[in-house]
Amino acid sequence: MFFKQSLIAFFLLLLSSSTFSATSNRYPIHIKAGKTAVSLGVLAEQTDLLILYPYELVSEKKSVAVTGNLTVNEALTILLENSGLEGKSSPSGLYKISKIPAPEIQPVKASAVQKQEQVIEEIETHLDEHPSEIISIVGHLTKHQQRRLKRRYSNLIVANLSLDNNHKHVQHNIGDLLHSAVGTSIDYRKREGLFLTVRGFGPELNTVLYNNHQLPTTSLGSGFSFDTLSSEIFLSSDIYKTQATELVSGGVGATVNLVTQPLIGEDSYEIRGGLTLSASDDGDYFPELFASLHYSGKQFASIFSMNFLQQDYRIESANTDGWFAADLSDVEYKEGSQDYSQVWVPRNFDLRIEQAKKKRMGITWVSKLKLTPDLYFTTDLVYSRFDVLSNITSSGNWTHIYGKTENDTFESITVDENATLTSYRYKAEQSFASDFVQLVRNRPSEMFHLGSKMSYDYSQASSMTIDLSYALAKSDNGGNRRFSAVGSPNANPEYTLLPNRPYANVSFEQPIQAADLRSHITIDTGDDVQDKIFQLKVDMESILSDDNWEQINLGLYYADRNKQKVAFRTPWGGEFGGYEFDLPDEFFRQIDASDFLEGGVPEVWYGFDSQQYIDYLWSDEHIQQAIIDTQHPLADTIELRKQLGGFNATELPNSSWHIQEQLAEAYIKAFLSGQIFNLNWSGQMGLRLSATRINADGYDQAIQDLTFSTTDPTALLITYAETLPVFDSNSYFNWLPNINFKLDLNNDKYLSFGMSKTISRPTLSKLAPTLGEYAARAGASTAIRGNPQLNPYESINLDIGWSWFFDETGLVDLTLYYKSVDNFIMQRVEFETLLDHPEGEFLVATPFNLSRTSFFGYEFVYQNQFESLPFPFDGVGIELRYTHVDAEPFEANDIDKDDVIEGLSDNYSLVLYYAQDKFNGSLIYHYRDEFVRKQSGLQGQPEMVEGYGQLDLKLSYQLSDNLSISLEGQNLARENPRSFSLYNERLLSYEQHQRNFTLGLNFRF
């Protein structure tokens, strides 16, 4: 059985779709003299047939050259001359190579579907009759045959995605590839598919592996970032929606395993690669290169892949940094709601133009060495470098409220039925600023993985594998996030949200000129993040001779993961704030914003070089003339501040931490099969034991004092008490049983059942042992507390699936699933008094475990190519995938659960395609319903994402056996993602995503 499973995986990985041909057809044959095994592979390619042969039978044979317009039988006769071998076809069209004499298989008539069924039966029969024989199949299996074989040997509900065979979907990163599976959806940001949701469970509840090793990530809270990896450097991926006992625990939603595995066999090599050139509506062009070398030999096999992308992009957006409640009862002119004592006010309203350069380089190398007939050594390496250099020019408009009560800054306001402030105008006698801000939002990241595995077959039926791996992900971004603001102190911005507009209109009561701009706050922040994982696995398997018990697997697993965050921040940042110091006019360049988004914003902005601006403020000449000579209040301290680093960011202990997560696991798994009511069944049952130990280190810094900034009336300056080291720990133990069962109802219908218990451990950033991440603002101060005592999500899972392969390309698949989740992790957001001070109340977010809740839903798939239609319409096909998910209600923070569980949403995809001979074309539409991105986002409120659809187009044409071209169009309908907080009018972000067109050339030799 083990050999069968391995061989079926081999078929799925390397073989693609084609059709059967009659033995009487003639083909243009051109085969060079050489090894018979290689010649048989070339013959299969040139005739589009399947040829099966025992590898040992032909491994030492050589064949003469074959050229001419020949039938398959004629070509085989020449190839096998004087070899003692012959080739015969079966009724299904499968050719078998065997010794002479061999029983002749008489041809009989059969339909196309019957032939496909017979091919599968003959392959399985041969494997049953020769269980220890290593065989090869060269040629092409149809998609129907691939699916049948995959279903036959898989009891788990698992989606298998191959890069080579996934021609219908646009895939610019590995997230796009995963998005093509039913039940999955992607969160798009900056035009890229970033975070994966499976069956409504967000990215933190999914585990990502590479060749069964867990991958680290520099992300601090949203799971694995898939935009850092190209799909070109992996051969395939498996999405396990029911638990596989042999895989590391941790995926309540799913376990994603990225796979690249070479196969030892006949001597052969293949070079694959390509070049794409992409262009977007904003005029940016960018290339992508990828290449791979595949080598297979008797003793050694290897796959080396590389990818390089460089992309410039521009994104326009409207943003707020959250909403907070304020009492506006004293405003003189009010319209709308009758209760103005708690009105939700935008913290700011910023308009941004981002210019960014993205570079992505990826390398994978996997090798397999056959040291002896029973001993194999495998090494795999992954290296990925992903860098984004981002500069943002922003028109920033702070909402000038200095506390929760007694606000007298507004002259008039409008408030809607949800208590949301939809318009405001400041009092005419007030002088409130509007800013122009330069933001640096760089995103450097690097990942390295090295694994080695030794496999030993210590008997014909038993084997053992020892697997070691080390992985590192890091982001050296400490102090590299910049906020530099200048402003006009008398602009008095006006804010108005009109019906059916994605964002508010804003205008200035006083137009702004370059001469009006004065200095304001300059702050550098950013984190250094490092995530290291060491893993050790020992796996054993034994094939049994019992009629029902086929195989037993045993294993041990150990992992030591260490994740560290070191936070940095400019110590003060407000020395030159408050629009107090004039600036040279030549610092500023005028920006035409007349075509920004959908309009309704100031048409003239000003940009500047932030480093030039900072160097000027901190220069000896400026300090002498503007501060010391004028006897400014900073005169006594500015030189000391400069000596201590001035503007440079320094380490921030209260927001830094180190978490160690140690896992020790063991498992046992059994494979079973048999018959019930004359129906074949197969199953897996297993148990995994998991012990987890958490060690959390950090630093506690209590707030000793709060003072109002003399340069910014909305800012509060924090004085911290002595830094104290803090340590906390936690441990827990979990029993994780599972059973998966599949019943073959007939040759094309299958019923599957799965029941399991799974866990997902808390995101490591939630386990920090301290209170930190302070943001002090008058009336809107926030902080974040970690909780090392969090327990893991525990889920009881039930899956029932039914599949019908109704013809060669037709599939109907329905899966019902239910999850009962205990210890669900939420954020409790409450006001806490951290200091006896008028502004000492902070809104503090703390993660905690809830009691049990349940999720339920279904997945539906329909796909078919209408081959019964007359030519050329027989190439038309359709794929429909739909996922529905719902949950039992509960309440947290007076908000229904449906509004606060991250990732919960329905989604569907529709693909209309045409495949005929050398041409493939597809029109793809993906839609994801409204969902929660963060349960506790900015200002402690949920971050929601509006329903979002994307229309893509993909065309490809095979120029020759070695070359193909493709054309892709992404986001053809120009959909723009938008997020909000609780109610649609409370905007958080509205991004413009342009169309993207890609022309590609692929080669294979």
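The structure holds 34 salt bridges, a salt bridge being a side-chain nitrogen of Lys or Arg within 4 Å of a carboxyl oxygen of Asp or Glu. Side chains of opposite charge can pair when their charged atoms come close.

A word on the basis: this is a predicted model, in which local features need pLDDT of at least 70 and side-chain atom pairs count only at pLDDT 80 or more, while totals for chains, interfaces and linings use all residues. Residues are numbered from 1 along each chain as its sequence is written, and side-chain values use heavy atoms, with hydrogens and water left out.

Here are some of the pairs, with the N to O distance for each.

| Acidic residue | Basic residue | N to O distance |
|---|---|---|
| Glutamate 270 | Arginine 272 | 2.7 Å |
| Aspartate 350 | Arginine 352 | 3.6 Å |
| Glutamate 665 | Arginine 761 | 3.1 Å |

Are these partners buried or exposed? Glutamate 665 and arginine 761 are both buried, where buried means under 20% relative accessible area, exposed over 50% and partly exposed in between (1.4 Å probe, protein chains only). Arginine 272 is buried too, at 13% relative accessibility. In the second pair, aspartate 350 has 9% and arginine 352 has 18%, so each counts as buried.

Back to the pair of glutamate 665 and arginine 761, whose closest N and O atoms are 3.1 Å apart. Glutamate 665 sits in strand 37 (residues 657-676), and arginine 761 in the loop between strand 42 (749-760) and strand 43 (771-775), so the salt bridge ties together parts 96 residues apart in sequence. Strands here are DSSP runs of E with at least two residues, and helices are runs of H or I with at least four, both numbered from the N terminus.

Elsewhere, salt bridges link Arg199, Lys241, Asp799 and Glu859 into a network.

Now for the chain as a whole. It has 10 helices and 61 strands, and 57% of its 1005 residues are buried. Of the contacts (heavy atoms within 4.5 Å) between residues at least 6 apart in sequence, 73% join residues at least 24 apart. The accessible surface is about 40900 Å², with 53% belonging to carbon and sulfur atoms; these areas come from the Shrake-Rupley method with a 1.4 Å probe.

One residue to look up in the viewer is proline 493, in strand 30 (residues 493-496). Proline 493 is buried, at 0% relative accessibility. Beyond its neighbours within four places in sequence, proline 493 is in contact with residues including Asn397, Tyr424, Phe432 and Phe508. Threonine 399 lies 94 residues from proline 493 in sequence, with 9.1 Å between their C-alpha atoms.
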